[in-house]
Structure formats: C-alpha cells, structure tokens
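Here's a quick tour for anyone meeting this structure for the first time. Keep the model open beside you and follow along.

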Amino acid sequence: MRRLRPPLAATLALGFLLPAAAAAQTAACHPSHDSNEAKLLAFYSAPMAFSPGGVVAPMPPGAMRIGLEITYVPTPSLGIQQADECYGLEKRENTELSPVFPRPRLLIGLPGGFSLDLSYLPPVSVNDAEPHLGSVAVAWTHRLGGIGTSRALDLILRAHGTVGRISGAITCPEDDLQQTAPAQACYGNEPSDDTYKPNMFGGEVLLGMHGGGRFGGYGGVGVTRLTPRFQVDFQQLDGFHDDTRIIVDMTRAALMLGGQLRLTPRFDLTFEAYSVLQDATTARIGAGFRL
C-alpha cells in the first residue's frame, strides 16, 4: 500500500501497520522500546499530547474560554517507518500523513486557583475513519510574586489525559485493495476495520508570566505515560484473518514553551512549541474567546 486517503486517519495511522496482509501472526505483539514500532507510536503521541496549548492567564472561578487548536504533525524519519519486530515483510511505507491535527478546547475557571481543560472529538465519520477522542486536564496556579509593577510570576501544576479511539479502514482502505498477489499487502476485497487507541496521561510543571499587558508566556517540563494500542482487522481472500494487536507502554519527558496574545479583553491568540527530544518536536497555534 502506498497511500492513506482520509486526512484524519492519515494523521493517526502508523506506517508500520500498513503491510497487514504480509503478517502471518494473530497473537498480540509486544515490541521492545528500541523497536521501530515503539518509536513510531511514540512519535505520533507527541502531536496528540494535551498540553497547555499556549494559554497562560489564570481563569477566574466561573469564567470560560472556548478555543480551537491546530497542531503541526511532523513526518517521521524513513528509518523508523520500517517494521522490525511485529511484521515479517521488509518494506518501507509512504504514509503521506496529514500536516495538522485540529482540536476544540473548553477551559473553565474553578475556585482555589484550579481550572478544568476539556476537549472532545465526537464519533463523526471523516471519509473512511471515525474518531472518538476525549482529553481532560486539571491545573492549579499559585502566585509566586511580581516582576516589576505589572507582571506576575506563577507556578502551574497540571495533570492531563487523552483516551479514545480512531476506527475505520486505516491499514487497507478500498482503493488499496488488490486480488493478484497473496504475499503482498491488502490482498482482499473488503477494506480493513481497524482500531487505534492513542491513550496517554501525564503531568507538567510550568512557570508562567502574565500581567496587565497583552502578552503572557510560560515554559515548563512534563512527563507522559504512553499506552497506545492498535488492533488490525483485515480479512484476506485466502481465508487468513489478520487481527494482529500492537501493545506497548512507554514513558516520555517533554519540554514546552508557549504564549498568549490578547487582542481584546475576550479574544486571544496562542502558540506553543512542544518537544519530546527523543521522538518529535511540534508546534501548536490557536485562538480562543472568553464568555
């Protein structure tokens, strides 16, 4: 298979899962942390991490901010696109990943310096894929002191998690089916019905600066536990049912630097650079409106 059609599915599908028809195994595969399979799963977890996204100003109790965030999805190196533990077919795939991952956000101010951050992608089909993802974060902001006469320095502690699934013809969409080569990928007449679960949870410590001006910024570090799962479901013409399952658990550290520009008292723009040094570096931009 040489391409993935649906933009959202392409963002989340992983290149090493494409040669499903070449796999002669149905048991769960537990790749090592040094495997290309694990590295590629970790690579795509970075753009999906539910980081602050650039928002730095504390939210008063009862206040709400509705926003939209767009994350850049980088392209993995050719070296990790080749499976080396879970599949026998030595073949590099051209994934043609979508360049962005959009996400709506709702931020709610709570008493005691706390805030609640929510995101949800409903199960609405996008071409051949159906996402159903939810993210939640709880943050606590503590005033450390002032900088000059108009700036405040805050300590921000934040816990976050993302769960859900993406289902559809991810490994073998209809246009890539073939009935001539049993030893090659997608040997069948029905698209695959795969499920990808990009589950993760973690925590962050940030130092934020804001004040009466229009700009505020922050920098911080985070640790995220990754528990992604991928379930292949493809029926070949020769009777072989590929139901290979990829299971891997990893821990990753991240660095982040972001900022928020208030254009009006209610409307703002945000940006963030987010880097997992051993996997991927990405950027997020967004906009929000305070109710």
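## The largest pocket

Six strands each put at least two residues into the lining of the largest pocket: β2 (64-72), β3 (100-109), β4 (114-121), β5 (129-147), β6 (151-168) and β16 (280-290). Of the elements, β5 gives the most, with six residues. Bear in mind as you look around that this is a predicted model.

How many residues line the largest pocket? There are 35, and Val55, Ala57, Leu107, Ser115 and Ala139 are the ones that lie nearest its centre. Sorted by class, that lining has 20 nonpolar, eight polar and seven charged residues. The space in the largest pocket comes to about 430 Å³.

## A helix tucked inside

Now turn to helix α2, which runs over residues 36-48. At 1.5 Å a residue, its 13 residues should span 18 Å, and its end C-alpha atoms are 19 Å apart, which agrees. Is α2 enclosed or open? Buried residues make up 12 of its 13, so α2 is largely enclosed by the rest of the structure. Among the buried ones are Asn36, Glu37, Leu40, Ala42, Ser45 and Met48.

Two neighbours in this helix, Phe43 and Tyr44, are buried too. Phe43 has a relative accessible area of 6%, which is under the 20% cut-off for buried. For Tyr44 the relative accessible area is 2%, so it also counts as buried.

## Rings that pair up

The structure holds three aromatic pairs. One of them brings us back to α2: the rings of Phe43 and Tyr44 have centres 5.3 Å apart and planes at 75 degrees, so this pair is edge-to-face. The cut-off at work here is that planes over 60 degrees apart count as edge-to-face.

Another pair is made by Phe215 and Phe271, with ring centres 6.4 Å apart and planes at 15 degrees, so this one is stacked. Which parts of the chain does the pair link? Distant ones: Phe215 is in strand β9 (residues 215-226) and Phe271 is in strand β15 (residues 267-276), 56 residues apart. Phe215 counts as partly exposed, at 35% relative accessibility. Phe271 counts as partly exposed as well, at 40%.

## Charges over rings

Some rings have an arginine for company. Arg158 lies over the face of Phe50, 5.4 Å from the ring centre. Over at Tyr274, the charged end of Arg284 sits over the ring, 4.8 Å from its centre.

## Closed spaces inside

How many cavities of 30 Å³ or more does a search of the whole structure find? It finds three. The largest cavity holds about 70 Å³ of space. Its lining includes Ala42, Ser45 and Ala46, along with Met200, Thr224, Arg252, Tyr274 and Asp279. The elements giving two or more residues to that lining are α2, β9 and β15. Helix α2 has the largest share, with three residues. By class, the lining of the largest cavity divides into seven nonpolar, two polar and two charged residues. You've met Tyr274 already: it's the residue whose ring has the charged end of Arg284 over it.

The second largest cavity holds about 50 Å³. Met48, Phe101, Arg103, Ser119 and Leu133 are among the residues that line it. Here the elements giving two or more residues are β3, β4 and β5. Its lining divides into five nonpolar, four polar and one charged.

## Two arginines to look up

Is Arg103, from the lining of the second largest cavity, buried or exposed? It's buried, with a relative accessible area of 2%. Arg103 lies in strand β3. Its C-alpha atom is 6.9 Å from that of Ser119, though the two residues are 16 residues apart in sequence.

Where does Arg266 lie? You'll find it in the loop between β14 (250-262) and β15. At 43% relative accessibility, Arg266 counts as partly exposed. Along the chain, Arg266 and Arg290 are 24 residues apart, while 4.8 Å separates their C-alpha atoms.

How values were computed. Residues are numbered from 1 along each chain as its sequence is written. This is a predicted model: local features need pLDDT of at least 70, side-chain atom pairs count only at pLDDT 80 or more; totals for chains, interfaces and linings use all residues. Side-chain values use heavy atoms; hydrogens and water are left out. Rings of Phe, Tyr and Trp (its six-membered ring) pair if their centres lie within 6.5 Å; planes under 30 degrees apart count as stacked, over 60 as edge-to-face and the rest as tilted. Buried means under 20% relative accessible area, exposed over 50%, partly exposed in between (1.4 Å probe, protein chains only). Helices (H or I, at least four residues) and strands (E, at least two) are DSSP runs, numbered from the N terminus. A charge sits over a ring if NZ of Lys or CZ of Arg is within 6 Å of the ring centre and within 35 degrees of the ring normal. The expected span of a helix is 1.5 Å times one less than its number of residues. On a 1 Å grid over the protein atoms alone, a cavity is a set of points where a 1.4 Å probe fits but cannot get out, and a pocket is an open set with protein on both sides within 12 Å along at least five of seven lines; lining residues have an atom within 4 Å of a point. Grid points are joined across faces, edges and corners, and a volume is the space filled by probe spheres set on the points. Ala, Val, Leu, Ile, Met, Phe, Trp, Tyr, Cys and Pro count as nonpolar, Asp, Glu, Lys and Arg as charged, and the others, Gly among them, as polar.
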